[in-house]
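These are my notebook entries on a structure that is new to me. I began with the cysteines and then turned to the ligand.

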Amino acid sequence: MTLHVNTPAIRSTVFSQRAGLDVYLKIESIQPCGSFKLRGVGHACAVLHGKGAKRFVSSSGGNAGYAVAYAGRELGVPVTVVVPETTSEKAKALIGSEGAQVIVHGSSWQEANAHAQALLDGGSEFIHPFDHPLLWEGHASMIDELALQCAKPDLIVCSVGGGGLLAGVGEGLLRNGWADVGILAVETEGTASYAAALEHGSPVELPAVAGLATSLGARQVCGRALDLARELEIKSHVLSDAEAVQGCADLLDAHRLLTEPACGASIAGLDSLRRHFPDARSAVIIVCGGVGVTAQQLQTWQRGPGG
Ligand SMILES: *Cc1c(COP(=O)(O)O)cnc(C)c1O
């Protein structure tokens with residue numbers, strides 16, 4: 001059973017002219033729960049359902065938890081999402097709207113996650129937000145689709161949080177015979193756990209994460225994201241929150257798509273494509289999406305701190 005939808009890949013003339021190469025957008029923001037997460041989460045949930053899972057447990061108050069709630073309802077499997085006290089009312093309502101049980105526990109994600117783990121019993125399965133092979137296998141379907149939609153691009157641009165999206169893009173490139181396609185891995189300054197891992201040669205835990213790209217806020221990336229850098233040409237790019245927010249505004253203006261700064265970061269990455277990949281003539285940006293944004297919120301972010 002497939003829970004995600006096939007998404008369009010469109011050429012962006014505005015962004016092509018800006019970047020000086022052919023730019024295409026893979027529009028994951030139109031997935032039913034607003035982000036690419038449904039590809040991997042939906043795949044993992046469907047496989048585990050097939051193996052008899054009686055309940056799905058998540059500890060993400062963000063797009064991953066929302067995707068688990070959606071997938072569980074579609075499959076008829078009860079879902080419990082444990083979130084910390086810091087999770088917004090809006091996020092809890094959204095997850096609850098899919099029929100999932102929302103439990104508020106602890107002041108941080110670590111505490112909520114520990115509680116979620118304690119809830120696991122024989123019939124229930126924990127759905128990790130980024131570190132599981134089933135997730136990567138599911139995310140990779142976006143590259144399978146792309147291979148039918150356009151000619152092989154020279155590079156893919158994607159945002160990196162815990163590295164599940166990156167691992168999925170990498171798996172997709174490898175399984176489609178596109179191993180020579182480069183990847184620009186974009187993060188914000190407050191969430192640069194992948195840049196830190198590349199620098200140290202192993203995943204390192206950041207003391208803290210900060211800023212507006214909250215969906216990129218994993219303190220440590222998965223090992224697979226780092227291993228991939230030995231199999232594919234991956235360049236890391238770190239930019240500011242202001243640039244990520246401007247990326248959201250530019251995407252909204254050019255293509256009328258509203259996304260989180262986690263996604264705006266990839267759009268902002270446009271301006272550095274030529275620097276990282278001087279020979280590239282075409283790029284696909286993964287428009288990863290995210291539901292943690294409103295038009296009004298974007299305006300507030302654009303006014304900057306104190307605005
Ligand atoms: C989860 C998420 C990311 C980052 O994905 P990882 O697999 O954690 O690297 C980026 N953008 C959005 C909108 C997300 O929900």
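**Entry 1: disulfides.** I counted a disulfide wherever a pair of cysteine sulfur atoms lies within 2.5 Å. The model I searched is a predicted one. I found zero disulfides in the structure. Cys150 is in no disulfide, and the nearest cysteine sulfur, that of Cys158, is 15 Å away. I then asked whether Cys150 is buried or exposed. Cys150 counts as buried, because its relative accessibility is 16%, and the cut-off for buried is under 20%.

**Entry 2: Cys263.** I looked up which cysteine sulfur is closest to that of Cys263. The closest belongs to Cys288, at 4.0 Å, which is too far for a bond because a disulfide requires the two sulfur atoms to be within 2.5 Å. Cys263 also counts as buried, with 0% relative accessibility.

**Entry 3: residues around the ligand.** I noted 16 residues around the ligand, and Lys37, Asn63, Gly161, Gly163 and Leu165 come nearest. I sorted the residues of this shell by character and obtained seven nonpolar, eight polar and one charged.

**Entry 4: backbone contacts of the ligand.** I asked which backbone atoms lie 2.7 Å, 2.8 Å and 2.9 Å from an oxygen atom of the ligand. At 2.7 Å I found a polar backbone atom of Gly161. A backbone N or O atom of Gly163 lies at 2.8 Å, and a polar backbone atom of Gly164 at 2.9 Å. Finally, I recorded how far the ligand is covered: on its own it has 380 Å² of accessible area, and the protein covers 98% of that.

Technical notes:
Residues are numbered from 1 along each chain as its sequence is written. This is a predicted model: local features need pLDDT of at least 70, side-chain atom pairs count only at pLDDT 80 or more; totals for chains, interfaces and linings use all residues. Side-chain values use heavy atoms; hydrogens and water are left out. Buried means under 20% relative accessible area, exposed over 50%, partly exposed in between (1.4 Å probe, protein chains only). A residue is near a molecule or strand if one of its heavy atoms lies within 4 Å of it. A polar contact is a pair of N or O atoms within 3.5 Å; within protein, one must be able to donate a hydrogen and the other to accept it, and residues adjacent in sequence count only if both atoms are side-chain atoms. Accessible areas come from the Shrake-Rupley method with a 1.4 Å probe; for residues, only the protein chains shown count as cover. Ala, Val, Leu, Ile, Met, Phe, Trp, Tyr, Cys and Pro count as nonpolar, Asp, Glu, Lys and Arg as charged, and the others, Gly among them, as polar.
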